[in-house]
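User: Hi! Could you walk me through this structure? I have a few quick questions.

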Amino acid sequence: MTAPEAPSLATPHNASIGSYSRGPRADETPAWQALQAHFEQSGPGFDLREAFAVPEQGQQRFGQFSQQAPHLFADLSKNLLDSKTESLLFDLARQTGVEQHRQAMFAGEKVNPTEQRQVMHFLLRNPEQGGFEGAALSEGQQEVQTTLKAMLAYAESVRADNSLTDIVNIGIGGSDLGPQMAVLALQAQAMPGKRFHFVANIDGDELGAVLAQVKPQNTLFLIASKTFTTRETMTNANTAKAWFLREGAAQGLGEADIARHFAALTTNVPAAKVFGIRTCFGFKDWVGGRYSMWSAIGLPIAIAIGAQGFQELLAGAHAMDLHFATAPLQQNLPVRLALLDIWYRNFHGFSSRNVAPYQHALNRLPAYLQQLEMESNGKRVDTQGRPLPFSTSPVVWGEPGTNGQHAFFQMLHQGTDVIPVEFIAVKQPAYDLPGHHAQLTANALAQAQALMVGKSDAGGHRHFTGNRPSTFLMLEKLDPASLGALIALYEHRVFVSGSIWGLNSFDQWGVELGKVLAQDIEPRLASGDAAGLDASTAGLLALFRA
Ligand code: F6P
């Protein structure tokens with residue numbers, strides 16, 4: 001089969017919508033059957049220790065199942081697969097039309113069919129736009145460029161304003177997790193003198209605790225909401241505004257000062273204006289909520305690390321976009337990782353994946369990846385609404401190492417379930433305190449090794465079965481470019497597995513029902529009306545009112 005023409009990200013996207021159709025679903029391909037036969041024959045019996053037993057074979061394996069990608073190195077060799085497995089998985093990717101689907105996304109086709117939307121967050125990180133020299137940009141790109149320029153200029157003005165010491169981001173889901181994760185990750189490069197607070201929860205205790213620490217005259221509230229309708233965010237924003245007007249009155253602050261102390265990051269600029277906000281940075285509906293940290297939603301990141309740093313973040317992600325768009329499948333890291341995910345989920349039946357960043361600044365990465373992967377691929381029907389006869393998104397979870405070692409690693413080593421672990425380590429620490437980094441790195445390497453080699457003990461309790469798989473990602477250092485590349489890697493990996501499963505990775509209908517029911521229950525808390533409720537919900541309601 002010949003490779004399709006590599007998409008060029010440098011080509012302006014006129015967003016023409018062609019007659020694009022998805023390839024067959026995974027289970028409808030010959031490769032799926034071949035993988036099943038291959039798994040039955042050699043999957044359960046595969047032993048990593050044997051694969052590494054002969055040094056030359058181990059060397060070859062390390063070479064074959066590891067690779068350099070933009071800004072990071074990936075070692076996949078400690079995973080339960082051999083050349084035949086990977087070759088069949090590449091067949092699966094080809095037969096399900098991953099390359100065509102990828103090309104369709106980059107060409108601006110509506111690859112989000114249930115919402116009839118394009119998916120083009122990658123456009124936000126095209127350096128042609130970031131470099132502000134786009135001679136031949138289409139209208140959409142011009143808009144992206146103009147917004148980015150305005151947002152970065154605003155970020156620089158906030159950085160230069162010493163009176164603004166506290167930045168409070170009010171947003172939830174993708175309007176919280178991305179900026180929060182990135183600001184924490186890049187805190188070593190963040191501007192001194194600015195404190196960042198992220199308020200997401202409807203729980204007033206979260207906002208209340210932040211408001212107790214800040215002063216209206218020194219605070220900038222960023223109201224981050226793609227839709228500007230999310231109840232949590234709107235409730236928090238209204239409370240923050242009321243607090244600002246109430247507490248600010250003593251400082252001579254009033255309605256007119258909202259312009260300086262509130263900004264909105266949204267696709268719904270009219271709603272933000274109705275709220276009373278004059279400073280708005282918009283983005284388009286082709287940016288999904290969990291793919292939005294590259295858009296105006298990234299403003300807290302830009303304030304923290306500056307315009308230059310934000311451009312580097314975009315450039316790192318763009319480098320990964322180019323890699324994903326152009327590298328052959330065999331050397332395409334998002335594709336290889338996604339195929340491994342499929343192998344584990346659908347053939348080995350592993351139901352979760354642990355993310356273990358051995359870099360404390362990546363504290364919020366597991367939470368970020370939970371939304372990215374589980375909201376994208378936690379689906380039970382394909383794009384045509386047909387129930388899927390196989391499992392989809394695994395549970396993604398984790399904590400930074402070495403903390404996790406003293407919590408759940410016991411289960412990873414000796415529990416009854418096999419849980420693939422993804423180590424993420426950084427070569428150069430941000431703060432080189434004597435002795436720390438060598439210990440941290442040694443622990444990451446040792447845990448991956450221990451999972452694989454195990455330890456025999458006839459007595460039982462000290463027995464480690466070993467043969468437990470892991471992937472190791474290594475970054476030179478945690479800087480904006482490598483973080484951008486890492487996140488884009490995960491985005492594309494989720495795209496590929498969703499593509500193979502034949503589902504829509506870009507909608508999230510599953511969050512709607514709970515929202516609707518909450519609106520029904522809220523007035524019942526005041527009225528006590530339990531009519532039509534099941535006995536359990538009614539019983540709990542009565543206890544809350546007692
Ligand atoms: O949880 C559903 C969801 O729509 C997410 O996809 C999104 O990131 C979050 O809510 C917040 O949405 P918004 O940015 O529109 O407030």
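User: Which residues form one aromatic cluster?
Analyst: Happy to help; just keep in mind that this is a predicted model. The cluster is made up of Phe-106, Phe-122, Tyr-291, Phe-324, Phe-495 and Phe-506.

User: And how many aromatic pairs does a search of the whole structure find?
Analyst: The search gives 20 aromatic pairs. One of them is Phe-106 with Phe-122, an edge-to-face pair at 4.7 Å centre to centre with 75° between the planes. This pair links distant parts of the chain, 16 residues apart: Phe-106 belongs to helix H5 (residues 98-106), while Phe-122 sits in the loop between H5 and helix H6 (127-130).

User: Are Phe-106 and Phe-122 buried or exposed?
Analyst: Both Phe-106 and Phe-122 are buried.

User: OK, on to the ligand. Which residues come nearest?
Analyst: Of the 14 residues around the ligand, the nearest are Ser-175, Ser-225, Lys-226, Thr-227 and Thr-230. A polar side-chain atom of Thr-230 is 2.5 Å from a ligand oxygen atom. Gly-174 has a backbone N or O atom 2.7 Å from an oxygen atom of the ligand, and a side-chain N or O atom of Gln-371 lies 3.1 Å from a ligand oxygen.

User: How much of the ligand does the protein bury?
Analyst: The protein buries 87% of the 400 Å² that the ligand exposes when taken alone.

User: Last topic, the surface. Which residues form a nonpolar patch there?
Analyst: Leu-525, Leu-540, Leu-543 and Phe-544 do, with about 470 Å² of accessible area together. Helix H20 (residues 535-545) gives the most, with three residues.

User: Where is Leu-543, then?
Analyst: Leu-543 is in helix H20, and this leucine is exposed, with a relative accessible area of 63%.

Notes:
Residues numbered from 1 in each chain as written. Predicted model: local features only at pLDDT ≥ 70, side-chain atom pairs only at ≥ 80, totals over all residues. Heavy atoms only, no water. Patch = residues over 30% accessible without salt bridge, like charges linked within 9 Å, V, L, I, M, F, W, Y side chains within 5 Å. Areas by Shrake-Rupley, 256 points an atom, 1.4 Å probe, with all protein chains shown as cover. Salt bridge = Lys/Arg side-chain N within 4 Å of Asp/Glu carboxyl O. Helix = DSSP H or I, 4+ residues; strand = E, 2+ residues; numbered from the N terminus. Buried < 20%, exposed > 50% of the residue type's maximum accessible area, 1.4 Å probe, protein only. Near = heavy atom within 4 Å. Polar contact = N/O pair within 3.5 Å; in protein donor to acceptor, adjacent residues only side chain to side chain. Phe/Tyr/Trp six-rings, centres within 6.5 Å; stacked < 30°, edge-to-face > 60°.
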